[in-house]
Amino acid sequence: MRSMSPLLLAAFFLSGATSLVFEVVWSRWLTAVFGSTTLAISTVLTTFMAGLALGSFLGGRVVDRLSLRVSPLLLYAGCELLIAGLALLLPAPLLGYPELHGALTRTFEETPALLAACRFLLAALLLVPPATLMGATLPLLARHAVTARDRGSSIGRRVATLYAANTAGAVVGTTAAGFYLVPLYGARHANLLAAIVGALLAVVVAGAVFWRRRRTNLLDEEYRALDAPQSESDADTPTLRAARRPALLALIVSGAVAMTLEVLWSRGLALVCGSSIYSFTIVLVVFLVGLSGGAATLGRAAARARDPVGALGVVFLVAGAAVLGTHAALDDLPLIFLTLLEGSDYTVGAILFIHALLAGLAVLPTSICLGAVLPLALAACARAPDAVARDVGRAYAYNTVGAIIGSFAGGFVVLPLLGLELGIRLAAIAELLLAAALARRATGHVRRIVPALAIALIAVALLAPRWDISALTSGVFRIGNARRHLAHGALRTPTLLHHEDGASTTVTVERHGDKLALKNNGKVEASSAGDMPTQILVGLIPVLLHPGTAQRVAVIGYGSGVTVGAIAESPDVAQVDVVELEPAVYRAADRFFGPYNHHPERNPRVRRHVGDGRNFLTARATAYDVIVSEPSNPWIAGVSSLFTREFYAFARRHLAPGGVFCQWAQTYELGPIHVKTIYRTLADVFPYVYAFTTDDQSADTVLIATLAPLPIDLIRLERRAAHPTLAAELRRASVPTVHDLVGMLVLAPDEVAAFTAGAPINTDDNALLEFGAPRDLLAAGRTDRFADSLFSAGWPYGRLEPWLTGLEPGPARADRAAALARGLFAHGRRREAHRYATLAADDGSALAPALNLLERLLAESEYDDAELSAFAGGPPLDAVSAAARFSPELSAAEVTRGVGLLGDVMTAVDARRFQEAREHARALPRRAKSPEGQDLDLLLAVLDYHDGEYLRAEDRLEPLAQDAAFVARRPATFYYDGRVRYGTHRFREGAARLEDFARRFPALVP
C-alpha cells in the first residue's frame, strides 16, 4: 500500500486545527446572542454538526463525479479558501443578531418550540455554509488518498490515517483556542488567525497541485485508473450490502453514545475539577486525543481484520467495559485528586495537569475504542475506489447524525430523566447490546464469546453499587476546600438531603450541623447561615436606595430564594421577576429553604422564569426600576457573560429612568486585577458606582450602579427601615440599623477611577474573567485574600461626605451623626467615624463622650506601644510564686527553667521589646490548669497581639474571656479580646467588647 503524502497529512492536520478554533469561536459568539441555556448551546452545536453531516454526505456524492476532471486536492483547497472567507465575513451579520433575536424572543416567548426553531434558523444561516464545506473535506481527501488498487481493508486504513491526523489537529485547535488564543488575543483575533492559516493552507495545497501538473502536464494517473471498469468483486454485492447495514448502524450508535458520554463526562468531571472553561476544554481535548489515538492505532490495525463487523463487535464490547470502569471510578475521583494534589506544588499548571490525568482516567479508554469505529465501518462497507468519497461521506454523515442525536439526548433526556449515574450505565449497556448484535453477524469465536461477555457486563452494569454523591459533590476543586480535607486526613462529607441532575447543573442540598447549603455542580451557591447577609443585602440595598415606590424589580439568579424573598418583604416593591437557568434549583429551594426565604413561590408579586439572564431581559418589553444580577462566580463557564461590558450596556437599556442596577461581586478566590476589572467594567457603562460590603468578615461586595448621582439619604433609609418586615430582614442580615448599612460603603463613585486604574475592561470578545478567574481559583491557596484590604485600617476609600444627605442642620442632626459614627466604628471605618463623631460632639450630642471613649479604645497602636498591662486591675505577676503557674507534672529543673524564662519575658515586656519577650515565651513549659496558669496564657495572647498574630491571640483569649471569674481577676482580658476581634475584622464584636470593658472597668481605660 502506498504511503500517505506528508503534505496531505499536514494539510488535514491543520484543517482539523482551524476547524476547531472556528467552532470554539463561533459557538462563543452565538451563545452570547442566544444565551447559556442548555437548549441554546445545543442548538448551536447541532447546527454546526448538521452542516458537517450535510457536507460529508453531499460532498461524497459530488466528488466522485468531479474527481476525474478536477483534482480532489484542488476542490479541498477551494473548500478551505471558502471557509476562511466565510469566517472573515461572519462577524458582520452577527452585529444585528442581538436585536433580531430579542424581537423573536418577545414574539415567541410563550411558544418555546417556535423560538428554538428560529434560533436554529439563525444559527444555520451563519454556520451551515462553512460547516458544510468542512464536512466535505474528509471525502475529498479520502478520494485523493485511495488508489485504484485499494479495497475495503486498505481503504479503512487510509481513512483511519486521515481521520487520526484531522482529529489530532482538532486536539491542537481546541487546546490553542481554549488555553491560548482566546484568552490572550480575544475571539475576533483567534478567528482571524484561523482564517489566515486556512487561507494559506489552501494556497499551499493548490500550489502543490499546480506544481505537480506543470511537471507532468496531466492529471494524476491514479484518478484515471479509477475510471477503468471495475471487476465483479468491486461491485455492490449482496454480501457487501449485508455488511454495510450493521456498519452504518454502528456508526450512528457510536456517534450518539460518544456525544452522550461527552455530556455525561463533562458533568461528572465538573463536579471534581470545577465548571470552568478549562475543565470543559480538558475533557474535549482528552476525548479527541482518544479518538485520534484510537483511529491511528486500533483503527488501522483492526481494518486488516478479515471480519470487520466482528471486529466492530469486539471494539464495542471493550468500549462498554471501559464505560463501566469509568462508572466504578467516578465517585473515587475526589480522593484521587486529593492524593495527587498532596504530592504537587499547588501551582496552576500542576493542578490543571492533575485535572487532565483525571479526565484521561475517565475518558481515554472509551474514546480510544470509539476512534476505531469509523475506519472499521469503512473497511466493512466500502466498495471500490471510484466510490470511496461517497462511502466515506455517507459514513461520516451517519456518524455525525448519531452525534446530533446523542448531544440532545445527553442534555435533555438522559440527565434530566435518568441522572448522571444511570446515564453512564445506560451508555455502557447500549454499547454492550450493539456489541452483541454485531457479533451475531460475525463468524468464529467472536460470534459466541462476545454476546456472552456482553450479557455478563450488562449484569454488572445493572448490579453495580450506587455512587457516594456527597463525596462526588464535595467541592475539592476549590483549593481551600481541598487543603481542609487534606488537613483532616480524609474526605469530609456532610449529610446529603437532596440530589437532582438537571439539564444545566447538578443540584444538591446538604446539611452541615444545623445549617443547609445548596450546591450547583459541587459549588455552594447559597446557605441558611454564613451567606445570609449577602443573600439579603444584595436585594435590599438597591431597593432601599431607590427613591421610588411601586418598584418593578428583576433578579437574575435564584439560589436559595432568600434574595427574592427579602425583596418581596419591602412594601415599596410592586413586582419581582426572577430568572434561573436550572429549574431544579427552584425545586430544591422550595423544598428546603422555605423557612428562610418566606416562600416566594407563594407570593403573588413574584413571577419565576426559567432561562438565561441576558435573554430574559431581551424578552421583557417593560423597563425595571431595579435590576439585581446575582449569578454564580465568574470562573464558571458561561457565568462571566454576566460580567461583561456588553451585558451591562444591555442592562442599562432595560432600566427605567432613575433605575438602579445591582451587581454581586466576589473578592475571594479572585485576584486583585480581576476584582478591579469587574468594578471598572461596570463603571465604564454606569458613571456612578457604589460598593458595599455585606458583613465584617465577608469577601462579598454589592455594587450599586446608576446613570445619575444616587444620594444616600439617611432620613429616607431610617423611614423605610422602620417598617417591621424590613427591620426584621435587616436584623437577619446582621444590620441592626441603617447606620450600619451606610457604614458598609467601601467605595464611592468619585473613587472608582483611582481604585481601578490600570485594570482592563471585560468584554464578550476578550473574556478576561472567563479565562482569568479559573486560574485565580486554582491559585487561591497561594495568594492573599483581596478582601483583607477592604477592611484594613489603611483602606483609603469610602468617603461618605459628597454622597450623604439627611445631616442638614437641625435638632436631630447630632444624634443622627452619633448613630452614624457608631455604625462606622462597628464596621471598621475609623476615619469616617471620626468625622461624624466630631460633628456629633460639635452639635452637643449626649452620645459624644461615649463615642470619644470608643474612639480612644479603638485607636491604632504602634508595635512597641505598651498599651494596657496584661495584669492591670489585678494582682501582679511576681517571680516568687511563678512556680505555681507551671504544670505540677514538670520536674523541678523544668520548673526552675520556666521561672527563669518568665523573668526574662517580664523584663523584655517592661522594656517594650515584645519580639524578644515572645521568643522567650515560646520556650515556656506547660502551664498549670489554674488561674495562675491562665495568667501565662493571657501573657502569651498579649504578646501574640503585639506581634500581629491576631488569630493566634484570638484562640488564646476566647476561652479566657468566657471565664467570668478570670475576667474579674484579669480585666485586661476584655480589652485585648476586643482589640483582637477588631483586628480580625470582627468589628462589631470588637467594638461591643471594648464598650463593655469601658463600662465595667472605667478606671482602666488607657
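User: In what order do the four strands of the open sheet stand?

Analyst: This is a predicted model, so keep that in mind as you look around. Four strands make up an open sheet here, and their pairing is antiparallel. Neighbouring strands in this sheet are turned by 25° against each other on average, ignoring direction. Going across the sheet, the order is β1-β2-β3-β4.

User: Which strands stand at the edges of that sheet?

Analyst: Look for strands that have a single partner strand. One side of each such strand is left without a neighbour in the sheet. That points to β1 and β4 (523-527).

User: How many bridges join β2 to β3?

Analyst: β2 covers residues 506-512 and β3 covers residues 515-520, and the two run antiparallel. As one spot to check, His-512 stands opposite Lys-515 in β3. The number of bridges joining β2 to β3 is six.

User: And which residue in the turn between β3 and β4 has a positive phi?

Analyst: β3 and β4 pair in the antiparallel sense over four bridges, and Asn-520 has Lys-523 in β4 as its bridge partner. The two strands form a hairpin with two residues between them. In that turn, the residue with a positive phi, about 50°, is Asn-521.

User: Which helix lies across β1, β2 and β3?

Analyst: Try lining the helix up with β1: the angle to that strand is about 150°. The helix that lies across these three strands is α22.

User: Which element gives the most to the lining of the second largest pocket?

Analyst: This pocket has a volume of about 650 Å³, and 32 residues line it, with Thr-37, Arg-119, Val-610, Gly-611 and Asp-612 nearest its centre. Several elements supply at least two lining residues each, including α2 (38-66), α16 (388-439), β1 (495-501) and α22 (583-592). The top contributor, with four residues, is α6.

User: How many of the residues lining that second largest pocket are nonpolar?

Analyst: Sorting the lining by class gives nine polar residues and nine charged ones. The nonpolar count is 14.

User: Is Ala-131 buried or exposed?

Analyst: Ala-131 is found in helix α6. Leaving out residues up to four places away in sequence, Ala-131 touches Phe-48, Gly-51 and Leu-52. Its relative accessible area is 0%, and the cut-off for buried is under 20%. So Ala-131 is buried.

User: How far apart are the C-alpha atoms of Ala-131 and Leu-741?

Analyst: Along the chain, Ala-131 and Leu-741 are 610 residues apart. In space, their C-alpha atoms are separated by 55 Å.

Definitions and conventions: Residues numbered from 1 in each chain as written. Predicted model: local features only at pLDDT ≥ 70, side-chain atom pairs only at ≥ 80, totals over all residues. Heavy atoms only, no water. 1 Å grid on protein atoms, 1.4 Å probe; cavity = no way out; pocket = protein on both sides within 12 Å on 5 of 7 lines; lining within 4 Å. Points joined across faces, edges and corners; volume = space filled by probe spheres on them. Nonpolar A, V, L, I, M, F, W, Y, C, P; charged D, E, K, R; others polar. Pairing = 2+ DSSP bridges. Axes fitted to C-alpha atoms, helices over the stretch in contact; angles between N-to-C directions. Contact = heavy atoms within 4.5 Å. Buried < 20%, exposed > 50% of the residue type's maximum accessible area, 1.4 Å probe, protein only.
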